[in-house]
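I set aside an hour for this one and kept notes as I clicked around. Here is the entry, in the order I looked things up.

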Amino acid sequence: MTKNSYTIKDLFNIESCTRCGHCSTLCSAYNAATDLEITPAKKIELLRKKIKKDTIWGKFLGKKYFTEKDLEKLQKAAFQCTLCSKCEVDCPVNIDLHNLWISLRDDLAKERKVPQSLVFLRDRLKKSYNISFDTNEGRAKWLEALPEAKENNYIKDKADIIYFVGCVSSFSPRVFKIPRSVIQIFNIAKVDFGLLGDDEWCCGFPLLSAGFKKDFIDFANHNIEKVNSTGAKYLITSCPSCYHMWTHTYKELNLGIKMNFEVLHLVEYLYKLALNRELKLKPVNSVVTYHDPCDLGRNSGIYDQPRNLIKMVPKVKFVELEESKENATCCGGGGNLEAVDPKLSEKIAKLKAKQIIQTGADIVVTACQQCVRTIASALKKEGSKIKSMDISEFILMSILTPISTIQI
Ligand code: SF4
Ligand code: SF4
(Lines give C-alpha, C1' and ligand atoms only; values in the text may rest on other atoms or scores of the structure.)
(Ligands and ions follow the chains in the order given, each with its own letter.)
Protein backbone atom coordinates (compact mmCIF):
# COMPACT_ATOMS: atom_id res chain seq x y z
CA MET A 1 0.00 0.00 0.00
CA THR A 2 1.19 3.51 -0.77
CA LYS A 3 1.15 5.66 2.34
CA ASN A 4 -1.46 8.41 2.73
CA SER A 5 -3.72 7.36 -0.16
CA TYR A 6 -6.41 5.73 1.98
CA THR A 7 -8.33 7.30 4.83
CA ILE A 8 -9.22 5.39 7.99
CA LYS A 9 -12.77 5.37 6.64
CA ASP A 10 -11.57 3.75 3.38
CA LEU A 11 -9.71 1.02 5.29
CA PHE A 12 -12.71 0.40 7.52
CA ASN A 13 -14.99 0.25 4.46
CA ILE A 14 -12.80 -2.29 2.68
CA GLU A 15 -12.97 -4.57 5.70
CA SER A 16 -16.71 -4.15 6.17
CA CYS A 17 -17.61 -5.28 2.63
CA THR A 18 -19.81 -8.39 2.91
CA ARG A 19 -18.99 -9.54 -0.66
CA CYS A 20 -22.70 -9.61 -1.49
CA GLY A 21 -22.05 -8.39 -5.06
CA HIS A 22 -25.04 -6.00 -5.24
CA CYS A 23 -22.68 -3.24 -6.43
CA SER A 24 -21.51 -5.34 -9.36
CA THR A 25 -24.99 -5.96 -10.75
CA LEU A 26 -25.61 -2.18 -10.76
CA CYS A 27 -22.24 -1.14 -12.17
CA SER A 28 -22.52 0.96 -15.36
CA ALA A 29 -19.13 -0.19 -16.66
CA TYR A 30 -19.74 -3.87 -15.94
CA ASN A 31 -23.20 -3.85 -17.50
CA ALA A 32 -21.80 -2.39 -20.71
CA ALA A 33 -18.60 -4.46 -20.86
CA THR A 34 -19.93 -7.68 -19.22
CA ASP A 35 -16.40 -8.22 -17.92
CA LEU A 36 -16.32 -9.66 -14.38
CA GLU A 37 -12.75 -8.40 -13.96
CA ILE A 38 -13.90 -4.76 -13.71
CA THR A 39 -16.75 -5.11 -11.22
CA PRO A 40 -16.63 -3.05 -8.01
CA ALA A 41 -16.65 -6.25 -5.93
CA LYS A 42 -13.55 -7.48 -7.81
CA LYS A 43 -11.83 -4.13 -7.19
CA ILE A 44 -12.50 -4.44 -3.46
CA GLU A 45 -11.24 -8.03 -3.41
CA LEU A 46 -7.96 -7.04 -5.11
CA LEU A 47 -7.64 -3.89 -3.04
CA ARG A 48 -8.01 -5.84 0.19
CA LYS A 49 -5.17 -8.12 -0.91
CA LYS A 50 -3.04 -5.16 -2.02
CA ILE A 51 -3.36 -3.51 1.36
CA LYS A 52 -2.74 -6.73 3.29
CA LYS A 53 0.38 -7.62 1.32
CA ASP A 54 2.49 -5.17 3.35
CA THR A 55 1.24 -6.47 6.71
CA ILE A 56 2.67 -9.43 8.69
CA TRP A 57 -0.23 -11.47 7.31
CA GLY A 58 0.74 -10.65 3.72
CA LYS A 59 4.42 -11.41 4.37
CA PHE A 60 3.46 -14.75 5.91
CA LEU A 61 1.46 -15.65 2.78
CA GLY A 62 4.40 -14.77 0.54
CA LYS A 63 4.90 -12.97 -2.77
CA LYS A 64 2.17 -14.89 -4.56
CA TYR A 65 -0.47 -13.35 -2.27
CA PHE A 66 -0.71 -10.19 -4.43
CA THR A 67 1.20 -10.52 -7.68
CA GLU A 68 2.23 -8.05 -10.41
CA LYS A 69 -0.63 -9.54 -12.48
CA ASP A 70 -3.08 -8.70 -9.70
CA LEU A 71 -1.78 -5.13 -9.72
CA GLU A 72 -2.35 -4.90 -13.48
CA LYS A 73 -5.89 -6.24 -13.06
CA LEU A 74 -6.55 -3.68 -10.34
CA GLN A 75 -5.23 -0.87 -12.55
CA LYS A 76 -7.51 -1.90 -15.40
CA ALA A 77 -10.57 -2.11 -13.15
CA ALA A 78 -9.78 1.17 -11.36
CA PHE A 79 -9.75 3.20 -14.57
CA GLN A 80 -12.50 1.36 -16.47
CA CYS A 81 -14.98 3.14 -14.23
CA THR A 82 -16.99 6.33 -14.74
CA LEU A 83 -17.05 7.27 -11.02
CA CYS A 84 -20.84 7.35 -11.43
CA SER A 85 -21.47 5.99 -7.88
CA LYS A 86 -24.29 3.72 -8.99
CA CYS A 87 -22.48 0.90 -7.17
CA GLU A 88 -23.27 2.66 -3.85
CA VAL A 89 -27.05 2.64 -4.28
CA ASP A 90 -27.79 -0.82 -2.88
CA CYS A 91 -24.77 -1.50 -0.65
CA PRO A 92 -26.08 -3.10 2.58
CA VAL A 93 -23.26 -1.55 4.65
CA ASN A 94 -23.36 1.89 2.95
CA ILE A 95 -19.78 1.88 1.75
CA ASP A 96 -18.63 5.22 0.32
CA LEU A 97 -17.36 3.61 -2.87
CA HIS A 98 -16.95 6.87 -4.85
CA ASN A 99 -14.29 8.19 -2.46
CA LEU A 100 -12.71 4.75 -2.23
CA TRP A 101 -12.26 4.67 -6.03
CA ILE A 102 -10.62 8.14 -5.88
CA SER A 103 -8.23 6.93 -3.13
CA LEU A 104 -7.44 3.83 -5.20
CA ARG A 105 -6.52 5.98 -8.22
CA ASP A 106 -4.34 8.17 -5.99
CA ASP A 107 -2.57 5.04 -4.73
CA LEU A 108 -2.03 3.75 -8.28
CA ALA A 109 -0.73 7.14 -9.44
CA LYS A 110 1.90 7.03 -6.69
CA GLU A 111 2.96 3.62 -8.02
CA ARG A 112 3.02 5.03 -11.58
CA LYS A 113 0.19 2.72 -12.59
CA VAL A 114 -1.91 5.34 -14.40
CA PRO A 115 -2.90 4.97 -18.08
CA GLN A 116 -0.58 6.98 -20.32
CA SER A 117 -3.51 9.01 -21.71
CA LEU A 118 -4.12 10.40 -18.21
CA VAL A 119 -0.45 11.26 -17.72
CA PHE A 120 -0.67 13.30 -20.98
CA LEU A 121 -3.86 14.92 -19.68
CA ARG A 122 -2.13 15.93 -16.44
CA ASP A 123 0.86 17.38 -18.32
CA ARG A 124 -1.45 19.37 -20.58
CA LEU A 125 -3.43 20.68 -17.61
CA LYS A 126 -0.32 21.77 -15.75
CA LYS A 127 0.86 23.66 -18.83
CA SER A 128 -2.35 25.30 -20.02
CA TYR A 129 -4.73 25.02 -17.00
CA ASN A 130 -7.45 23.48 -19.15
CA ILE A 131 -8.21 20.08 -20.70
CA SER A 132 -7.94 21.23 -24.34
CA PHE A 133 -4.87 21.60 -26.54
CA ASP A 134 -5.35 25.43 -26.53
CA THR A 135 -3.77 27.94 -24.22
CA ASN A 136 -6.00 29.33 -21.49
CA GLU A 137 -6.13 32.74 -23.24
CA GLY A 138 -8.76 31.20 -25.53
CA ARG A 139 -11.06 30.35 -22.62
CA ALA A 140 -13.68 32.95 -23.53
CA LYS A 141 -13.53 32.59 -27.33
CA TRP A 142 -17.08 31.19 -27.36
CA LEU A 143 -18.22 34.73 -26.47
CA GLU A 144 -17.28 36.02 -29.93
CA ALA A 145 -20.48 34.74 -31.59
CA LEU A 146 -22.66 36.75 -29.21
CA PRO A 147 -23.45 40.07 -30.93
CA GLU A 148 -23.66 42.02 -27.67
CA ALA A 149 -20.35 40.65 -26.36
CA LYS A 150 -18.31 43.47 -27.91
CA GLU A 151 -20.16 46.17 -26.00
CA ASN A 152 -20.42 44.16 -22.82
CA ASN A 153 -17.16 43.36 -21.21
CA TYR A 154 -18.22 40.24 -19.34
CA ILE A 155 -14.78 39.50 -17.93
CA LYS A 156 -14.67 41.51 -14.74
CA ASP A 157 -12.37 42.07 -11.76
CA LYS A 158 -15.34 42.65 -9.45
CA ALA A 159 -18.80 41.05 -9.64
CA ASP A 160 -21.54 39.87 -7.29
CA ILE A 161 -22.08 36.72 -9.35
CA ILE A 162 -19.34 34.77 -11.10
CA TYR A 163 -20.34 32.36 -13.85
CA PHE A 164 -17.75 29.54 -13.72
CA VAL A 165 -18.01 28.07 -17.23
CA GLY A 166 -15.82 24.93 -16.96
CA CYS A 167 -13.35 23.52 -19.51
CA VAL A 168 -15.65 21.50 -21.80
CA SER A 169 -18.12 24.37 -22.37
CA SER A 170 -15.23 26.82 -22.83
CA PHE A 171 -13.23 24.82 -25.36
CA SER A 172 -15.52 22.30 -27.07
CA PRO A 173 -17.33 24.04 -30.00
CA ARG A 174 -20.03 21.33 -29.97
CA VAL A 175 -21.30 22.68 -26.65
CA PHE A 176 -20.56 26.44 -26.97
CA LYS A 177 -24.34 26.79 -27.20
CA ILE A 178 -24.50 26.09 -23.43
CA PRO A 179 -22.54 29.11 -22.10
CA ARG A 180 -24.05 31.25 -24.89
CA SER A 181 -27.56 30.23 -23.74
CA VAL A 182 -26.65 30.95 -20.10
CA ILE A 183 -25.49 34.46 -20.99
CA GLN A 184 -28.60 35.17 -23.04
CA ILE A 185 -30.85 34.04 -20.17
CA PHE A 186 -28.88 36.14 -17.67
CA ASN A 187 -29.20 39.18 -19.94
CA ILE A 188 -32.95 38.66 -20.43
CA ALA A 189 -33.41 38.28 -16.64
CA LYS A 190 -31.11 41.30 -16.06
CA VAL A 191 -28.69 39.30 -13.92
CA ASP A 192 -25.48 41.23 -13.26
CA PHE A 193 -22.62 38.73 -13.53
CA GLY A 194 -18.96 38.39 -14.51
CA LEU A 195 -16.61 35.81 -15.98
CA LEU A 196 -13.07 35.08 -14.81
CA GLY A 197 -11.73 34.73 -18.39
CA ASP A 198 -8.28 33.13 -18.40
CA ASP A 199 -8.14 33.42 -14.60
CA GLU A 200 -10.60 30.52 -14.58
CA TRP A 201 -8.63 27.28 -14.38
CA CYS A 202 -9.95 23.75 -14.68
CA CYS A 203 -11.77 22.82 -11.44
CA GLY A 204 -9.21 20.01 -11.10
CA PHE A 205 -11.63 17.07 -11.30
CA PRO A 206 -9.74 15.42 -14.21
CA LEU A 207 -6.57 15.56 -12.06
CA LEU A 208 -8.24 14.19 -8.94
CA SER A 209 -9.96 11.40 -10.85
CA ALA A 210 -6.69 10.47 -12.57
CA GLY A 211 -5.01 10.10 -9.17
CA PHE A 212 -3.06 13.38 -9.07
CA LYS A 213 -4.42 14.84 -5.83
CA LYS A 214 -1.45 17.12 -5.15
CA ASP A 215 -1.83 18.88 -8.53
CA PHE A 216 -5.58 19.06 -7.97
CA ILE A 217 -5.02 21.03 -4.75
CA ASP A 218 -3.00 23.71 -6.63
CA PHE A 219 -5.89 24.21 -9.05
CA ALA A 220 -8.47 24.35 -6.26
CA ASN A 221 -6.47 26.96 -4.33
CA HIS A 222 -6.03 29.13 -7.42
CA ASN A 223 -9.75 29.07 -8.26
CA ILE A 224 -10.91 29.86 -4.72
CA GLU A 225 -8.44 32.79 -4.43
CA LYS A 226 -9.54 34.23 -7.78
CA VAL A 227 -13.26 34.09 -6.99
CA ASN A 228 -12.67 35.54 -3.49
CA SER A 229 -10.76 38.44 -5.09
CA THR A 230 -13.83 39.44 -7.15
CA GLY A 231 -15.88 39.96 -3.97
CA ALA A 232 -18.54 37.62 -5.41
CA LYS A 233 -21.46 36.52 -3.25
CA TYR A 234 -22.37 33.66 -5.59
CA LEU A 235 -20.54 31.34 -7.94
CA ILE A 236 -22.79 29.71 -10.54
CA THR A 237 -21.62 26.85 -12.71
CA SER A 238 -23.38 24.88 -15.44
CA CYS A 239 -21.00 21.90 -15.05
CA PRO A 240 -22.00 19.20 -12.50
CA SER A 241 -18.41 18.05 -11.97
CA CYS A 242 -17.22 21.63 -11.27
CA TYR A 243 -20.24 21.99 -8.96
CA HIS A 244 -19.39 18.80 -7.09
CA MET A 245 -15.75 19.89 -6.72
CA TRP A 246 -16.75 23.34 -5.39
CA THR A 247 -19.48 22.15 -3.04
CA HIS A 248 -17.99 18.89 -1.76
CA THR A 249 -14.37 18.14 -2.59
CA TYR A 250 -12.84 21.61 -2.07
CA LYS A 251 -14.53 21.66 1.35
CA GLU A 252 -13.74 18.06 2.33
CA LEU A 253 -10.03 18.56 1.62
CA ASN A 254 -9.82 21.42 4.14
CA LEU A 255 -7.61 23.52 1.90
CA GLY A 256 -7.19 26.25 4.48
CA ILE A 257 -8.81 28.99 2.35
CA LYS A 258 -12.31 30.10 3.19
CA MET A 259 -14.76 30.50 0.32
CA ASN A 260 -16.49 33.85 0.80
CA PHE A 261 -19.34 32.97 -1.54
CA GLU A 262 -22.15 30.47 -2.05
CA VAL A 263 -21.96 27.95 -4.89
CA LEU A 264 -25.02 27.08 -6.99
CA HIS A 265 -25.50 24.87 -9.99
CA LEU A 266 -27.13 26.73 -12.87
CA VAL A 267 -30.27 24.64 -12.53
CA GLU A 268 -30.76 25.80 -8.92
CA TYR A 269 -30.36 29.43 -9.98
CA LEU A 270 -32.68 29.15 -13.00
CA TYR A 271 -35.31 27.50 -10.82
CA LYS A 272 -35.08 30.41 -8.35
CA LEU A 273 -35.45 32.90 -11.22
CA ALA A 274 -38.47 31.01 -12.56
CA LEU A 275 -40.13 30.87 -9.11
CA ASN A 276 -39.59 34.65 -8.77
CA ARG A 277 -41.24 35.10 -12.20
CA GLU A 278 -38.05 36.58 -13.63
CA LEU A 279 -38.18 34.16 -16.60
CA LYS A 280 -41.17 34.33 -18.93
CA LEU A 281 -41.56 30.72 -19.97
CA LYS A 282 -43.66 30.11 -23.07
CA PRO A 283 -45.18 26.81 -24.26
CA VAL A 284 -43.05 24.04 -25.72
CA ASN A 285 -45.38 21.42 -27.11
CA SER A 286 -43.11 18.38 -26.65
CA VAL A 287 -42.60 15.17 -24.72
CA VAL A 288 -39.55 15.74 -22.54
CA THR A 289 -37.47 13.41 -20.39
CA TYR A 290 -34.59 14.25 -18.04
CA HIS A 291 -31.23 12.51 -17.60
CA ASP A 292 -29.64 12.94 -14.15
CA PRO A 293 -25.92 13.72 -14.50
CA CYS A 294 -24.10 11.53 -11.94
CA ASP A 295 -22.21 14.43 -10.33
CA LEU A 296 -25.38 16.51 -9.99
CA GLY A 297 -27.80 13.72 -9.02
CA ARG A 298 -26.29 10.82 -7.09
CA ASN A 299 -23.10 12.65 -6.09
CA SER A 300 -24.71 15.99 -5.10
CA GLY A 301 -28.36 15.11 -4.42
CA ILE A 302 -29.98 17.55 -6.91
CA TYR A 303 -33.00 15.79 -8.40
CA ASP A 304 -36.10 17.96 -7.95
CA GLN A 305 -35.09 21.42 -9.22
CA PRO A 306 -34.43 20.38 -12.85
CA ARG A 307 -37.68 18.37 -13.00
CA ASN A 308 -39.72 21.19 -11.43
CA LEU A 309 -38.17 23.70 -13.81
CA ILE A 310 -38.95 21.59 -16.90
CA LYS A 311 -42.53 21.09 -15.68
CA MET A 312 -42.95 24.86 -15.31
CA VAL A 313 -42.70 25.18 -19.11
CA PRO A 314 -46.31 25.20 -20.38
CA LYS A 315 -47.47 22.32 -22.63
CA VAL A 316 -44.51 20.09 -21.76
CA LYS A 317 -45.42 16.44 -21.23
CA PHE A 318 -42.77 15.15 -18.82
CA VAL A 319 -41.84 11.45 -18.81
CA GLU A 320 -39.31 9.72 -16.54
CA LEU A 321 -36.67 7.34 -17.79
CA GLU A 322 -37.03 3.74 -16.62
CA GLU A 323 -34.07 4.30 -14.27
CA SER A 324 -33.98 7.82 -12.88
CA LYS A 325 -32.84 9.93 -9.90
CA GLU A 326 -30.55 7.81 -7.65
CA ASN A 327 -31.06 4.83 -9.98
CA ALA A 328 -30.12 6.72 -13.15
CA THR A 329 -27.52 5.05 -15.34
CA CYS A 330 -24.38 6.93 -16.38
CA CYS A 331 -24.06 8.45 -19.88
CA GLY A 332 -20.55 6.99 -20.17
CA GLY A 333 -18.76 10.34 -20.12
CA GLY A 334 -17.54 10.42 -16.51
CA GLY A 335 -14.38 9.51 -14.61
CA ASN A 336 -12.01 10.21 -17.56
CA LEU A 337 -13.28 6.98 -19.15
CA GLU A 338 -13.46 8.56 -22.63
CA ALA A 339 -9.71 9.21 -22.46
CA VAL A 340 -8.89 5.71 -21.17
CA ASP A 341 -11.33 3.48 -23.04
CA PRO A 342 -13.53 5.35 -25.56
CA LYS A 343 -15.15 2.09 -26.76
CA LEU A 344 -16.40 1.24 -23.27
CA SER A 345 -17.62 4.82 -22.84
CA GLU A 346 -19.58 4.41 -26.11
CA LYS A 347 -21.10 1.11 -24.96
CA ILE A 348 -22.35 2.74 -21.75
CA ALA A 349 -23.79 5.64 -23.77
CA LYS A 350 -25.56 3.18 -26.08
CA LEU A 351 -27.42 1.63 -23.13
CA LYS A 352 -28.44 5.14 -22.04
CA ALA A 353 -29.64 6.03 -25.55
CA LYS A 354 -31.80 2.89 -25.68
CA GLN A 355 -33.52 3.86 -22.42
CA ILE A 356 -34.14 7.38 -23.72
CA ILE A 357 -35.65 6.07 -26.96
CA GLN A 358 -38.00 3.80 -24.95
CA THR A 359 -39.60 6.85 -23.28
CA GLY A 360 -40.99 8.12 -26.60
CA ALA A 361 -39.66 11.62 -25.78
CA ASP A 362 -38.91 14.30 -28.40
CA ILE A 363 -36.28 15.94 -26.20
CA VAL A 364 -33.91 14.64 -23.55
CA VAL A 365 -32.88 17.45 -21.23
CA THR A 366 -29.90 17.20 -18.93
CA ALA A 367 -27.81 19.67 -16.95
CA CYS A 368 -24.29 18.83 -18.07
CA GLN A 369 -22.23 19.62 -21.17
CA GLN A 370 -20.57 16.19 -21.14
CA CYS A 371 -23.89 14.30 -20.91
CA VAL A 372 -25.35 16.45 -23.73
CA ARG A 373 -22.40 15.52 -25.93
CA THR A 374 -22.22 11.77 -25.21
CA ILE A 375 -26.00 11.30 -25.35
CA ALA A 376 -26.30 13.26 -28.62
CA SER A 377 -23.75 11.08 -30.38
CA ALA A 378 -25.18 7.84 -28.92
CA LEU A 379 -28.70 8.80 -30.08
CA LYS A 380 -27.36 9.61 -33.53
CA LYS A 381 -25.65 6.22 -33.76
CA GLU A 382 -28.98 4.60 -32.85
CA GLY A 383 -30.62 6.53 -35.71
CA SER A 384 -32.81 8.52 -33.30
CA LYS A 385 -34.08 12.05 -33.95
CA ILE A 386 -34.48 12.84 -30.22
CA LYS A 387 -32.83 16.16 -29.37
CA SER A 388 -30.26 16.17 -26.55
CA MET A 389 -30.29 19.57 -24.81
CA ASP A 390 -28.80 21.22 -21.78
CA ILE A 391 -31.33 22.81 -19.41
CA SER A 392 -29.98 26.27 -20.38
CA GLU A 393 -30.79 25.67 -24.07
CA PHE A 394 -34.20 24.26 -23.22
CA ILE A 395 -35.14 27.21 -21.00
CA LEU A 396 -33.84 29.72 -23.55
CA MET A 397 -35.89 27.98 -26.26
CA SER A 398 -39.00 28.35 -24.08
CA ILE A 399 -38.27 32.05 -23.41
CA LEU A 400 -37.65 32.83 -27.09
CA THR A 401 -40.50 30.72 -28.47
CA PRO A 402 -43.04 32.76 -30.45
CA ILE A 403 -46.46 33.02 -28.80
CA SER A 404 -47.74 30.29 -31.15
CA THR A 405 -46.33 27.10 -29.57
CA ILE A 406 -43.53 25.28 -31.33
CA GLN A 407 -43.62 21.62 -32.24
CA ILE A 408 -40.25 19.85 -32.29
S1 SF4 B 1 -18.56 4.22 -9.99
FE2 SF4 B 1 -19.92 3.50 -11.64
S3 SF4 B 1 -18.58 2.54 -13.16
FE4 SF4 B 1 -17.38 2.79 -11.26
S5 SF4 B 1 -17.58 0.86 -10.15
FE6 SF4 B 1 -19.22 2.18 -9.41
S7 SF4 B 1 -20.99 1.73 -10.74
FE8 SF4 B 1 -19.16 0.89 -11.74
S1 SF4 C 1 -22.61 -3.91 -2.32
FE2 SF4 C 1 -21.24 -3.18 -0.64
S3 SF4 C 1 -21.04 -4.94 0.71
FE4 SF4 C 1 -21.84 -5.76 -1.23
S5 SF4 C 1 -19.99 -6.38 -2.38
FE6 SF4 C 1 -20.46 -4.27 -2.99
S7 SF4 C 1 -19.24 -2.98 -1.62
FE8 SF4 C 1 -19.30 -5.03 -0.70
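**Strand E6 and its partner.** I began with threonine 366, which stands opposite aspartate 390 in E7. Bear in mind throughout that this is a predicted model. Stepping back from that pair, I found that four bridges join strand E6 (residues 363–366) to E7, and that the two run parallel.

**The sheet around them.** What is the order of the strands in this open sheet? I traced E5-E4-E6-E7, four strands with parallel pairing. Strand E5 (317–319) and strand E7 (387–390) stand at the edges with a single partner strand each, so one side of each has no neighbour in the sheet. I also looked up the turn between neighbouring strands of this sheet, which is 30° on average, direction ignored. Then I checked what lies on top: helix H18 (residues 369–381) lies across E6 and E7. H18 runs at about 175° to E7.

**A second sheet.** Next I went to the three strands that form an open sheet in the order E1-E2-E3, where the pairing is again parallel. Its edge strands are strand E1 (161–164) and strand E3 (262–265), and each of them pairs on one side only. From one strand to the next, the twist averages 25°. I counted the links between E1 and strand E2 (residues 234–237): four bridges join them, and they run parallel. For a concrete pair, I picked isoleucine 162, whose bridge partner in E2 is leucine 235.

**Helices on the second sheet.** Which strands does helix H13 (residues 240–252) touch as it packs on the sheet? I noted E1, E2 and E3, with the direction of H13 making about 155° with that of E3. H14 is another helix to look at here: H14 lies across E2 and E3, and runs at about 85° to E3.

**H14 against H15.** I stayed with H14 and asked how it meets its helical partner. The axes of helix H14 (residues 266–275) and helix H15 (residues 304–311) come within 9 Å and cross at roughly 40°. The two helices are therefore oblique to each other. H14 passes H15 in a left-handed crossing. On the H14 side I listed Val267, Glu268, Leu270, Tyr271 and Ala274, and on the H15 side Gln305, Pro306, Asn308 and Leu309. By class, the residues of this contact are six nonpolar, two polar and one charged.

**Ligand 1.** I then turned to the ligands. Around ligand 1 there are 14 residues, of which Cys27, Ala29, Cys81, Cys84 and Cys87 come nearest. Helix H3 (28–33) and helix H7 (97–110) are the elements that give two or more residues to this shell. I sorted the shell around ligand 1 by class and got ten nonpolar, three polar and one charged residues.

**Ligand 2.** Which residues are the closest to ligand 2? I wrote down Cys17, Cys20, His22, Cys23 and Cys91, out of 14 residues that surround ligand 2. Here the elements giving two or more residues to the shell are helix H2 (22–26) and helix H4 (40–52). H4 provides the largest share of the shell around ligand 2, with three residues. My class tally for the shell around ligand 2 reads ten nonpolar, three polar and one charged.

Methods
Residues are numbered from 1 along each chain as its sequence is written. Chains are lettered from A and ligands numbered from 1 in the order in which they are written. This is a predicted model: local features need pLDDT of at least 70, side-chain atom pairs count only at pLDDT 80 or more; totals for chains, interfaces and linings use all residues. Axes are lines fitted to C-alpha atoms, for helices over the stretch in contact, and angles run from 0 to 180 degrees between N-to-C directions. Angles under 35 degrees count as roughly parallel, over 145 as roughly antiparallel, 65 to 115 as roughly perpendicular and the rest as oblique. A crossing is left-handed if the near helix is turned anticlockwise from the far one by less than a right angle, and right-handed if clockwise. Two residues are in contact if their C-beta atoms, placed from the backbone, lie within 7 Å. Ala, Val, Leu, Ile, Met, Phe, Trp, Tyr, Cys and Pro count as nonpolar, Asp, Glu, Lys and Arg as charged, and the others, Gly among them, as polar. Two strands pair if DSSP finds at least two bridges between them. A residue is near a molecule or strand if its C-beta atom, placed from the backbone, lies within 6 Å of it.
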